[in-house]
Amino acid sequence: MADLAGEKLKKLSQGIIYFGIFAGKTRKRTVLNLELFIARRMLRGKEAGSVSVPIVRIAVAGIALGICVMLLSLFVIMGFKQQITTKLSGFMAHLNITAYGNNIAYADQSIRVSDSLLAEMRKVKEISQVYVYVDKPAILKSKSEIHGIVLKGVDSLYDGTFFRNHIREGGYPDFTTVSPANEILVSASVAKLLGVKTGDKLNAHFVQDPPRVRVFTVKGIYDTGFKEYDDLIVLCDLRQLQRLNGWKAGQVSGIGVELEHLEAISEAAEAVNEVLPLDEHSDFYKVTNLYEVAPQIFDWLNMLNTNVVIILTLIIIVAGFNMVSGLLIFILDKTAMIGILKALGYRNVSLKKLFLYIASGMIVRGMVAGNLLAFLLGGLQYVFHFIKLEPATYYMDTVPVYFNVSYIVLLNAGVLLISVLMLIVPTMLISRIRPIKAIRFE
């Protein structure tokens, strides 16, 4: 046993001398960090027959899998939120300004707008786009089928990028014509239900007094995968609906306001309220935001957030216990070395620092591997869309992936901090190790 202890002491002394020679060759005045030097040697895991070699590998693999699952969960949930919010913002604006007494969806109640009012609203810092629209329910009738929809009338100033990006057949209607256009943009689900294709005629029946009928031509067919709104919204010329309602040029159902960042929706709503005046009839305008228009969808997204928090918490706990048990075994495996270092005058604080360096090295290695694996799998899903979904249930046909740098950095920093704090407890065992017994330990 004495020979074994002497051999270990000899190897340790050689290592210290080697490090000193290496530091001298650099010709720099640096302070010898013995703990960091020993930690690096141990993390290499090249000691033949040592129990610590598989311990390091298993611990690193466990951390890598844990961080990979956490990041993938974050990518998917952020993807769901981003995709659904983007699609909702395509069908309805971040902020909608309507008549104050308009409490019925798609009611034929108008507000009066002017170019000066729209110009003042565009000056608000958070606002990226302002447009007017007219909503009107109708029944579309083909040769064999009928289907109830809502015509969304817009003009040439409306940014139709959202619908253009989702067109599957045909093209986007031309709203720049001198006379009101008869072209409409319908969804793939409506086109399939009515049995029509681009270029076909559709009769739109309006329930009003007296009842009216208009003939529209299907200019294009879009498909967003958001079935709840695809089955409902049909895009048309705003002037057609103004004529049907008997409205003048300045009368519309509402004003749509798009923001640069959805996070500023509360501040933007307050700024818009300050700009809005009383109309000619002394009625106030009403401002509603996207969360108020579709509360059930955002409640569902919040529930997904809760699920992610639970998943992340469980994975961190499991990974933390994995690291704690791994470090305890690692300390027991190095008991003889701890005894030798204590016999050489090494303090408990320095030894605790040494094993925290080792544990931190394992954590960082695992986190780097886990990040690389998560980005690889997430990137493959983002490009090739391997995993499919049912659009009727999830509002999209594939699992979405969204990379948010700030959330990724916060997650990694949080995992590293929590893991290191959890590892302080097992290092307390070092204080109980006595040099004489430790050197004899096998």
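**Burial, helix faces and nonpolar cores in a predicted model**

Threonine 224 lies in the loop that connects strand S8 (212–222) to helix H7 (227–230). The structure described here is a predicted model. Although placed in a loop, threonine 224 is buried, because its relative accessible area is 5% and buried means under 20%. A polar atom of the threonine 224 side chain is 3.1 Å from the backbone nitrogen of phenylalanine 226. When neighbours within four places in sequence are set aside, threonine 224 contacts Lys87, Phe91, Phe162, His166, Asp230 and Tyr395.

The chain as a whole was then examined. It contains 17 helices and 12 strands. Of its 442 residues, 47% count as buried. Among contacts with a separation of 6 or more, 78% join residues 24 or more positions apart. The exposed area of the chain is about 23,600 Å², of which carbon and sulfur atoms supply 60%.

In soluble globular proteins, nonpolar side chains tend to be buried together. The largest nonpolar core in this model consists of 79 residues, and Phe163 and Phe355 have the most contacts inside it. Helix H3 (residues 52–91) gives the largest share of this core, 17 residues. A second core, separate from it, has 47 residues, among them Val196, Val218, Trp247 and Val257. Apart from residues up to four places away in sequence, phenylalanine 355 touches Leu327, Phe330, Ile331, Lys334, Met337, Ile338, Thr427 and Ile430.

Two of these partners, Met337 and Ile338, are among the buried residues of helix H12. Helix H12 (residues 335–343) is mostly covered, with eight of its nine residues buried. The buried set also includes Thr335 and Lys342. Glycine 345, just after H12, has a positive phi of about 100°.

Helix H15 shows a buried side and an exposed side. Its 18 residues (405–422) reach 26 Å from the first C-alpha to the last, close to the 26 Å expected at 1.5 Å a residue. Ile408, Leu411, Asn412, Val415 and Ser419 are the buried residues of H15. Viewed down the axis of H15, these buried residues fall within an arc of 95°, so they line one face of the helix. An α-helix has 3.6 residues a turn, so residues three or four places apart point the same way. The face of H15 turned away from the buried side carries Val409, Leu410, Leu417 and Leu421, which are exposed.

Helix H4 (residues 115–122) was examined in the same manner. Leu117, Leu118 and Met121 are buried in H4. Down the axis of H4, its buried residues lie within an arc of 95° and therefore line one face of the helix. Asp115 and Ser116, on the other side of H4, are exposed. The cover over the buried residues of H4 includes strands S1 (95–99), S3 (127–141), S11 (254–259) and S12 (285–289), together with helix H9 (265–275).

Phenylalanine 37 belongs to helix H2 (residues 34–43). With a relative accessible area of 11%, phenylalanine 37 is buried. Phenylalanine 37 and tyrosine 357 are 320 residues apart in sequence, while their C-alpha atoms are 9.7 Å apart in space.

Methods. Residues are numbered from 1 along each chain as its sequence is written. This is a predicted model: local features need pLDDT of at least 70, side-chain atom pairs count only at pLDDT 80 or more; totals for chains, interfaces and linings use all residues. Side-chain values use heavy atoms; hydrogens and water are left out. Helices (H or I, at least four residues) and strands (E, at least two) are DSSP runs, numbered from the N terminus. Buried means under 20% relative accessible area, exposed over 50%, partly exposed in between (1.4 Å probe, protein chains only). A polar contact is a pair of N or O atoms within 3.5 Å; within protein, one must be able to donate a hydrogen and the other to accept it, and residues adjacent in sequence count only if both atoms are side-chain atoms. Contact means heavy atoms within 4.5 Å. Accessible areas come from the Shrake-Rupley method with a 1.4 Å probe; for residues, only the protein chains shown count as cover. The expected span of a helix is 1.5 Å times one less than its number of residues. The arc is that of the directions from the helix axis to the C-beta atoms. A nonpolar core is a set of buried Ala, Val, Leu, Ile, Met, Phe, Trp, Tyr and Cys residues joined through side-chain atoms within 4.5 Å.
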